[in-house]
Amino acid sequence: MTKSSFKISSSPFVHGGLSVPEVMKSVIWALLPAAAMGVMVFGWSALFVMLITVAACVVSERLFNIIRGRPSTVGDQSAALTGLLLAMSMPPNSPWWLCLVGGFFAIVLGKQLYGGLGYNMFNPAMIARVFLLISFPVQMTSWPAPTPLTGDHALTLSQGLAMIISAPFNTPELLDALSTATPLGQFRTETGMGKTVREALGGAFGFDILAAMGGMIKGSLGETSAVLLTLGGIYLLRKRVISWHIPMTMILGCIVPAAIFWLIDNSTYPDPLFHLVTGGLIIGAFFMATDYVTSPVTPKGQIIFGLGCGLLTFLIRTWGGYPEGVSFAIVIMNATVPLIDQYTRPLTYGKKKQTL
Amino acid sequence: MGIIQRTLKKFHGGVHPVENKHLAKHCAIEEIPMPKRLYIPLQQHTGTPCEPCVAPGEKVYKGQLIGRSVSNVSATVHASTSGTIEGITEHMVGHYSGLPDQCIALVPDGLDEWDPTLKGLENPFEADSKSIRDKVREGGVVGLGGAVYPTHIKLTPPRGKPVEVMLINGVECEPYITNDSRMMEERSIEVVEGAQLMMRAIQATHCLICIEANKPGAIKAMEKAIQGLPNFVVQVLPVLYPQGAKNQLIEAITHRQVPSGGRSTDTGATVQNVGTSIAVRDAVLHGRPLIRRIVTVSGRGIKRPANLDVPIGTPIQELIDHCGGLKPGVKQMIMNGPMMGTAVHDLASPVVKATAAVLALTAEEIVDKPEQACIRCGNCLEVCPVELTPCEIVWRAKNDLVDQLPEVHVKDCIECGSCAYVCPSHIPLVHYIRYGKMAVSAQRSEKEKAELTRQRSQAKLARVEAEKAEKERKKEEMRLAAEARKKAAAAKSADETAKPATVESVA
């Protein structure tokens, strides 16, 4: 065999131009409106939570590359995306160390220890959130009331930074003044005390569905603006970065059983719209469950996976030990992916039964 | 009419690669001057290689047989022009291994003199199936769409399953390539005549000339050519790669899928390329074998793209020189289309029956990014026209899980390259799938060998046992015989000693 002066490779020789960084960038773009809304609603502290978490993820990724003696994989932008997703599922006033620990856990234990991007079993952002929720339940469930940047009580940039940095030496009155339950948490506590849906959601708490859709409710940093998250999801669908299978079925998997139970007894069970616009169902359906690496590759498998994520979310929210179940549902379903893929392989060309 | 459906069925998946057909689309077919030396490979088809039937120094006519078939699945090789056989040598061919192969070197004499013994059929359009097929076999015609399978076999009417419709494949879905559309525009009558002969051979009743919608010139020319022929239709298809793959074309027209491991005729349809049609016509009407073909020379790295009429055996370098040479910055030379072709190592490699195009691609046109880990995006599943799970095949092939490859249907892959085209991780999926196919075949033959060895050794053991038993039996027999003899002898002697007494007693 002679050495050729031309490049020798296998067909095909042309390429559509899609690359991993481009995919990741699209998802980041799709998340940014909701992230910006998070900063608008919760103040500057939210921005710092995002910056610190993303930085923690990117630095962890690079450090692990160096330790393993591998070329840098920061360029694929998956670490940055993981950081953003994790930050958006954390309380907007999370202390700096919580962001660091979360980012490190997501990248190192959630991804790199498995072999890096493509080899991880669980969604890194989701597994890190579950880890934080179990390890630091107080910090992970202290939700500040919305303090819009435009509002009277808005913190300045430096105050926001101070709040993140000063933790865990948080001034108690500041934390107390800000902490309240999320609608889902509130609902769980109040119905647990024997109140009806109307009492739990109405009254002092004053749950407003329109506010929820816009994001003006308590909750994780970016989980709350259902409208902007849906727009981001539609952008990804239009760009064909994701397909409808997982988001659609996950949402249906949650709100259909919710609707059935609500129709049976609307004094005990909240209406499906409540499930839809509070908590992490939308961000989970469009951005978390659709993570390529940890979801099935076959369309049929994606439908099963989505339905499973939705149903588990509903089950955990309704009867589980936590008010919110999206991250648990996704992590549990992640574990079933190899099995789902194996049993949902499409029927190959020429293997279908047909009359000839 | 029977199996032809009124609507077109879209096959699963598919991609839209940048066509780049404008580069050579309007270039009329031109003959290239005869090169100084031709290298004609003895294997240009799928099947058994030919045996040379000429000797170095021998003078040959244009069209004279120089490579003989030694089995049915083979296609003869002929001299592309008149001249002298220089030798039978190993020469570079456009195989992607970069290994040389047996070629006949022919020095043209410049006379281009046809073999006077070559004759067509007397009444070709009334001829029977067998005489058409024989002419096609003598002419060394193979499928020119890429598979290079011997055409005479494809023209044998299958037993029990009549072929209703013949699809003439002018889809030409590979980017850059324009030779089929030029042939349809310039030689439409020849295409139709070839199709009529092939229909007679395989006893098909209808003929659809299938063309993608992006070739209005070819569509117009073919529509004109089939005027007055009631069983002919020009079928325009939407542009989608790989619409020209035979199974996907059959599915589009008949809504039926060729059974896995079966033949296209199982659906009642058969597919032939437009170039093949012309080659069949020349072989049957004039007895002229397949010694030339139309080659698109294109790519952004070529000075003057063209569609050339080239004698088989012409070194690629000659084509490039005729087209003004290469521009600076050519990174890759490809034989055939950029989706399914092969990379050329050496420009001395000759044009063969399978060469539809020679492409000079620059850095902007090719993919040159490092392979990354699969992120399981599922794009490959979405575009696969066979509905495979390409990423799962690759995963198994890479990890040498050969046992698991059949369950992901590795053998059904048509290697169209759509999966690799859309892969964001730049994984050369087709490469791994080819490796997987070979690993499965190797394992299968290994298993068969082991099974044969096992059977043989068992047979030997049984034979040894049987021989042993036979020996034992013989020994036993001999022992018994000896004993019997002894007994008999003893009895005899006893008899003799006892005899007098008896006599006495009797007495």
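Student: Which residues of α12(A) meet α15(A)?

Tutor: In this predicted model, A:A226, A:L229, A:T230, A:G232, A:G233 and A:L236 of α12(A) meet A:I282, A:I283 and A:F286 of α15(A). By class, the contact holds 6 nonpolar and 3 polar residues, and no charged ones.

Student: How should the packing of two helices be read?

Tutor: A packed pair of helices is described by the angle between the axes and by the distance between them. Here, helix α12 (residues 226–238) of chain A packs with helix α15 (residues 281–288) of chain A at an angle of about 15°, and the axes are 9 Å apart. Angles under 35 degrees count as roughly parallel, so α12(A) is roughly parallel to α15(A). The crossing of α12(A) and α15(A) is left-handed.

Student: In what order do the 4 strands of the open sheet in chain B stand, and is the pairing parallel or antiparallel?

Tutor: The order is β11-β10-β9-β12 (chain B), with parallel pairing. At the edges stand β11 (232–237) and β12 (269–273) of chain B; each has a single partner strand, so one side of each lacks a neighbour in the sheet. From one strand to the next, the twist averages 25°.

Student: How many bridges join β10 to β11(B)?

Tutor: Strand β10 (residues 206–212) of chain B is joined to β11(B) by 6 bridges, and the two run parallel. For a single pair, take B:I211, whose bridge partner in β11(B) is B:V236.

Student: Which helix lies across these strands?

Tutor: Helix α4 (residues 188–202) of chain B lies across β9 (165–170), β10, β11 and β12 of chain B, and runs at about 145° to β9(B).

Student: Which 3 strands of chain B form an open sheet with antiparallel pairing?

Tutor: That sheet has the order β3-β5-β6 (chain B). Its edge strands, β3 (51–52) and β6 (77–78) of chain B, each pair on one side only. Strand β5 (residues 65–68) of chain B pairs with β6(B) in the antiparallel sense over 2 bridges, and B:L65 stands opposite B:H78 in β6(B).

Student: How many residues of each chain are in contact with the other?

Tutor: On chain B there are 57 residues in contact with 36 residues of chain A. Four elements of chain B, β15 (330–335), β16 (342–343), α11 (418–422) and α12 (429–506), each supply at least two residues of the side that touches chain A. Of these, β15(B) gives the most, with 4 residues. By class, that side of chain B divides into 31 nonpolar, 18 polar and 8 charged residues.

Conventions. Residues numbered from 1 in each chain as written. Chains lettered and ligands numbered in written order. Predicted model: local features only at pLDDT ≥ 70, side-chain atom pairs only at ≥ 80, totals over all residues. Pairing = 2+ DSSP bridges. Axes fitted to C-alpha atoms, helices over the stretch in contact; angles between N-to-C directions. Contact = placed C-beta atoms within 7 Å. Parallel < 35°, antiparallel > 145°, perpendicular 65-115°, else oblique. Left-handed = near helix turned anticlockwise from the far one by under 90°. Nonpolar A, V, L, I, M, F, W, Y, C, P; charged D, E, K, R; others polar.
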